[in-house]
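Biologist: I am new to this structure. Please pick one part, look at it closely, and then take me through the rest.

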Amino acid sequence: MSVDPAAESVTGRKNGSVAWVLVVTGLAGFMAMLDNLVVIMALPAIAEDLGGGMEALEWTVSAYTLTFAVLLMLGASLGDRYGRKRMFLVGMALFTASSAAAALAPGIDELIVARAVQGVGAAIIMPLTLTLLITAVPATYRGVVLGVWGAVNGLAIAAGPLIGGSIVEHADWSWIFWLNVPIGIALVPLAAWKLRESHGANSRLDVTGTVLASIALFGIVYAMIRGNADGWTDPLILAGLIGGGALLVAFVIWELRAREPMLPMRLFRNRTFSGVNAASLLMALGNFGAIFLLSQYLQLQGYSPLEAGVRMLPWTGAPIVVAPIAGMLSDRIGGRAIVVVGLLLQGVGLGWWAQVASTDVGYAAQLGPMILNGVGMAMFYAPVANVLMGSVRPREQGVASGANNALREIGGALGVAVLTAVFAARGDLGTPQAFVDGLVPALWVGAGAVAVGAIAMLATEKSPAAPGGEVVARAGTEDTAVPAGEYAPPAPAPVGGDRR
């Protein structure tokens with residue numbers, strides 16, 4: 001069954017269904033994004049309990065990142081084909097069960113496998129949270145709702161070290177994973193009750209495109225994750241980069257010819273779609289790598305994992321306050337300017353932190369950079385989602401969400417790899433001064449990446465509005481006008497499931 005948004009908007013005002021959809025998708029997205037970084041603070045405790053060398057510990061982080069990034073586009077495609085609500089429920093059940101398996105893991109190998117399955121569940125959940133929310137929210141206040149959604153996602157990324165540190169300090173490391181279980185158990189029936197079914201444009205799953213994209217992304221992301229540890233000239237790393245790149249070219253060629261492509265290449269002719277995705281990748285590159293290094297930097301200053309997390313609250317807490325305001329403003333003035341300012345603030349914040357970083361810097365000197373980074377991140381997430389969804393036709397929003405999330409995850413993996421490589425070239429973990437020597441140039445690289453993201457965002461079009469208050473979604477060379485306050489739904493699926 002597809003969504004009738006006009007009815008949905010009326011129903012939402014009567015029974016709060018929009019609020020319930022926001023609760024369900026917000027909590028699900030929070031869990032999926034949180035598990036990117038929440039385990040970092042627990043690695044020493046995991047090693048003491050389960051054993052395993054440094055490579056095995058790295059894989060407890062990388063196994064999740066790898067499957068999550070590689071399968072995001074597949075998750076979006078499955079939702080478009082088989083139903084977004086149905087696949088969201090499948091993803092939530094898989095994520096919840098694998099979280100319990102991770103908490104109960106008797107050894108490091110079992111934990112790595114459970115983390116990989118967690119990533120599969122998250123890859124199904126994450127792109128669908130946005131499309132399910134979009135179909136439930138009238139266009140007139142979509143920015144405000146996306147502001148809340150963006151705040152939750154931004155908070156999850158930055159709060160991972162804080163939550164992980166708190167759990168490690170006050171409970172067993174397994175509670176990092178147990179935390180997901182009761183939330184998941186509650187969300188599955190709630191989602192079944194409150195979400196409405198919708199489908200995307202494609203009536204068939206693009207199997208060839210899915211296989212090409214998945215293998216290509218696996219090779220590239222694997223090489224990014226393992227490049228620093230194994231060496232960038234290692235045969236497997238080179239095979240991942242070269243082979244993955246070649247398969248991406250093959251994927252593009254296939255998608256240009258496919259009757260029902262997983263990712264229509266014509267979307268990239270739209271400079272807004274291309275600019276938003278470039279900005280998302282570069283934002284993640286700069287920030288994920290910086291958070292990875294700065295969480296260790298604060299602990300190097302003598303703070304416990306919990307104390308370090310608390311001191312990052314000016315960064316992690318800002319999205320709660322700022323993101324809904326940014327989303328509301330994007331409804332009024334368009335999202336492009338807000339996103340550009342947010343990216344510039346993040347760049348200035350990382351550069352400022354690079355300026356003040358030293359072995360004896362006080363917390364007060366780091367407060368300004370943290371606030372700028374937090375405000376900048378909050379100004380990015382909600383408006384950029386609004387701009388992205390406004391750049392494509394309504395029935396292509398699922399695949400747009402999947403592509404954007406995949407590129408952001410790849411950007412995060414690339415950011416950790418690149419900034420760590422820069423760090424290793426100039427410093428090491430041996431002494432506090434050696435750490436700072438590597439941290440400073442790495443932060444400048446992160447600041448530069450975010451600044452280039454702002455330039456990419458400037459290349460996008462202003463948020464378009466058609467005469468008479470219509471919002472225009474542009475995709476390639478075709479425009480689809482949608483009356484303000486409404487949402488153009490996908491065509492209903494015929495009885496029997498054949499949607500051609």
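Modeller: Start with L298. Set aside its neighbours within four places in sequence, and L298 touches Y303, A308, M312 and Q366. Keep in mind that this is a predicted model. L298 belongs to helix α12. Is L298 buried or exposed? L298 is buried, because its relative accessible area is 0% and buried means under 20%. Now look at Y363. Along the chain, 65 residues separate L298 from Y363. In space, their C-alpha atoms are 9.4 Å apart.

Stay on the helix that holds L298. Helix α12 covers residues 271-300, and G286 lies in it. G286 has 0% relative accessibility, so G286 counts as buried. Which residues does G286 touch, apart from its neighbours within four places in sequence? They are L350, L419, G446, A449 and V450. G453 makes a useful reference point. G286 and G453 are 167 residues apart in sequence, with 9.5 Å from C-alpha to C-alpha.

F273 falls within residues 271-300, the range of helix α12. The ring of F273 is partnered with that of F268. A search of the whole structure finds eight aromatic pairs. In the pair of F268 and F273, the ring centres are 5.0 Å apart. Their planes meet at 75 degrees, so the pair is edge-to-face; the cut-off for that label is over 60 degrees. Two values are needed here, because a pair of aromatic rings is described by the distance of the centres and the angle of the planes. The partners differ in cover. F273 is at 0% relative accessibility and therefore counts as buried. F268 is at 34%, so F268 counts as partly exposed.

One contact of G286 leads to another helix. L350 is in contact with G286, and L350 is in contact with N373. N373 sits in helix α17, which covers residues 363-390. Leave out the neighbours of N373 within four places in sequence, and N373 touches W315, Q346, G349, L350 and W353. N373 is buried, because its relative accessible area is 0%. Y363, the reference point for L298, is at the start of the residue range of helix α17. Q366, a contact of L298, falls within that range, 363-390.

A second contact of G286 points elsewhere. L419 touches G286, and its number falls within helix α18, residues 397-426. A421 is found in helix α18. A421 counts as partly exposed, because its relative accessibility is 28%. How far apart are the C-alpha atoms of A421 and N228? The separation is 6.2 Å, although their places lie 193 residues apart along the chain.

Now the charged side chains. The salt bridges number two. One joins D35 and R115, at 3.5 Å from N to O. This pair links distant parts of the chain, 80 residues apart. D35 is in the loop between α2 (17-34) and α3 (43-50). R115 is in helix α6, residues 108-136. Both D35 and R115 are buried. Another salt bridge joins R84 and D80, at 3.0 Å from N to O. R84 and D80 are both buried.

Two further ring features are worth finding. W59, F218 and Y222 make up one aromatic cluster. K194 lies over the face of W193, 4.0 Å from the ring centre.

Then turn to the surface. V144, I320, V321, I325, M328, L329 and I333 make a nonpolar patch of about 610 Å². Which helix gives the most to the patch? Helix α15, residues 318-333, does, with six residues. I325 is found in helix α15. I325 is partly exposed, because its relative accessible area is 44%.

Last, the whole chain. It has 19 helices and three strands. Of its 500 residues, 58% are buried. L298, G286 and N373 are among the buried ones. The accessible surface of the chain is about 18300 Å². Carbon and sulfur atoms account for 67% of that surface. Now take the contacts between residues at least 6 apart in sequence: 83% of them join residues at least 24 apart.

How values were computed. Residues are numbered from 1 along each chain as its sequence is written. This is a predicted model: local features need pLDDT of at least 70, side-chain atom pairs count only at pLDDT 80 or more; totals for chains, interfaces and linings use all residues. Side-chain values use heavy atoms; hydrogens and water are left out. Patches are made of residues with over 30% relative accessible area and no salt bridge: like charges are joined within 9 Å, nonpolar side chains (Val, Leu, Ile, Met, Phe, Trp, Tyr) within 5 Å. Accessible areas come from the Shrake-Rupley method with a 1.4 Å probe; for residues, only the protein chains shown count as cover. A salt bridge is a side-chain nitrogen of Lys or Arg within 4 Å of a carboxyl oxygen of Asp or Glu. Helices (H or I, at least four residues) and strands (E, at least two) are DSSP runs, numbered from the N terminus. Buried means under 20% relative accessible area, exposed over 50%, partly exposed in between (1.4 Å probe, protein chains only). Rings of Phe, Tyr and Trp (its six-membered ring) pair if their centres lie within 6.5 Å; planes under 30 degrees apart count as stacked, over 60 as edge-to-face and the rest as tilted. A charge sits over a ring if NZ of Lys or CZ of Arg is within 6 Å of the ring centre and within 35 degrees of the ring normal. Contact means heavy atoms within 4.5 Å.
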